[in-house]
Amino acid sequence: MKNSNIKKYRKKPIVVEAVRWDGREETYQQLLKRWKTDRVVRIGENNSLFIHTPEGVMEAKVGDFVIRGIKGEIYPCKPDIFKETYEEVGDEIFEWCPSCGKYTYHVRTADNIIRCKECGHGQWY
Ligand SMILES: [Zn+2]
């Protein structure tokens, strides 16, 4: 099948930030401060968060994860899906550097820049 248009692809290992919603005011305040967002609203006694996502308002119940994607979009995720899809990374991230043209170690700096340890190339997340 030399000339097949069908090839194999793997998802790029992108890094997102996420927090498990535990229903606590402290966590809510951390989230607002860290992500500088007004799209996550906690209403009244209900311990859910209501999140304005590109697909409309979605609810994060206690125990759900709240994710901020690479374009700044914020959305809820059920814990079972989250665990299947994501694993925690430290401050050092092994990922593709477009400048080096290979996988290298990166560090997360202040202001959420991921910087290549080999060439110093930085990209915003
Ligand atoms: Zn690099």
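This report walks through the fold of a predicted model, from its overall shape down to single residue pairs.

## Overall shape

Two helices and 10 strands make up the secondary structure of the chain. Going along the sequence, they come in the pattern β-α-β-β-β-β-β-α-β-β-β-β. The radius of gyration comes out at 18 Å, while the globule rule gives 14 Å for 125 residues, so the chain is more spread out than a compact globule. The C-alpha trace spans about 60 × 40 × 20 Å along its principal axes.

The domain assignment splits things into domain 1 (17-85) and domain 2 (92-124). Their centres, taken over C-alpha atoms, sit 26 Å apart. Burial is counted for the whole chain too: 11% of the 125 residues are buried. As for contacts between residues at least 6 apart in sequence, 28% of them join residues at least 24 apart.

## Two open sheets

Let's take the sheet with strand order 1-5-6: it is open, has three strands and pairs in the antiparallel sense. Strand 1 (17-20) and strand 6 (74-77) are the edge strands; each has a single partner, so one side of each has no neighbour in the sheet. From one strand to the next, the twist averages 25 degrees. Four antiparallel bridges link strand 5 and strand 6, and F65 has C77 in strand 6 as its bridge partner.

Now for the other one, in the order 2-3-4: this is also an open sheet of three strands with antiparallel pairing. Here strand 2 (40-42) and strand 4 (56-60) take the edges, and since each has a single partner strand, one side of each is left without a neighbour in the sheet. The average twist between successive strands is 25 degrees. Strand 2 pairs with strand 3 (residues 49-53) through three antiparallel bridges, and V41 has F50 in strand 3 as its bridge partner.

## The nonpolar core

The largest nonpolar core has eight residues: W21, V40, L49, I51, A60, F65, V66 and I74. Strand 3 and strand 5 (65-68) each put in at least two of them. This kind of grouping has a general background: nonpolar side chains tend to be buried together in soluble globular proteins.

V66 is a handy residue to click on. Leaving out residues up to four places away in sequence, V66 touches A18, V19, W21, L31, L49, I51, A60, I74 and P76. One of these contacts, L31, lies in helix 1 (residues 25-35).

## Helix 1

How many of the 11 residues of helix 1 are buried? The count is zero, so to speak a helix that is hardly covered. Just after helix 1, K36 takes a positive phi of about 45 degrees.

## Strands 7, 8 and 9

Further along the chain, strand 7 (residues 92-97) and strand 8 (residues 102-108) pair in the antiparallel sense over six bridges. The two form a hairpin with four residues between the strands, where G101 has a positive phi near 75 degrees.

Strand 8 also runs antiparallel to strand 9 (residues 113-116), joined to it by three bridges. V107 links up both ways: V107 in strand 8 is the bridge partner of E92, and V107 has R115 in strand 9 as a bridge partner.

Key: Residues numbered from 1 in each chain as written. Predicted model: local features only at pLDDT ≥ 70, side-chain atom pairs only at ≥ 80, totals over all residues. Pairing = 2+ DSSP bridges. Axes fitted to C-alpha atoms, helices over the stretch in contact; angles between N-to-C directions. Core = buried A, V, L, I, M, F, W, Y, C linked by C-beta atoms within 7 Å. Buried ≥ 20, exposed ≤ 12 C-beta atoms within 10 Å, placed from the backbone. Contact = placed C-beta atoms within 7 Å. Domains from an automatic or database assignment. Rg over C-alpha atoms; globule rule 2.2 N^0.38 Å.
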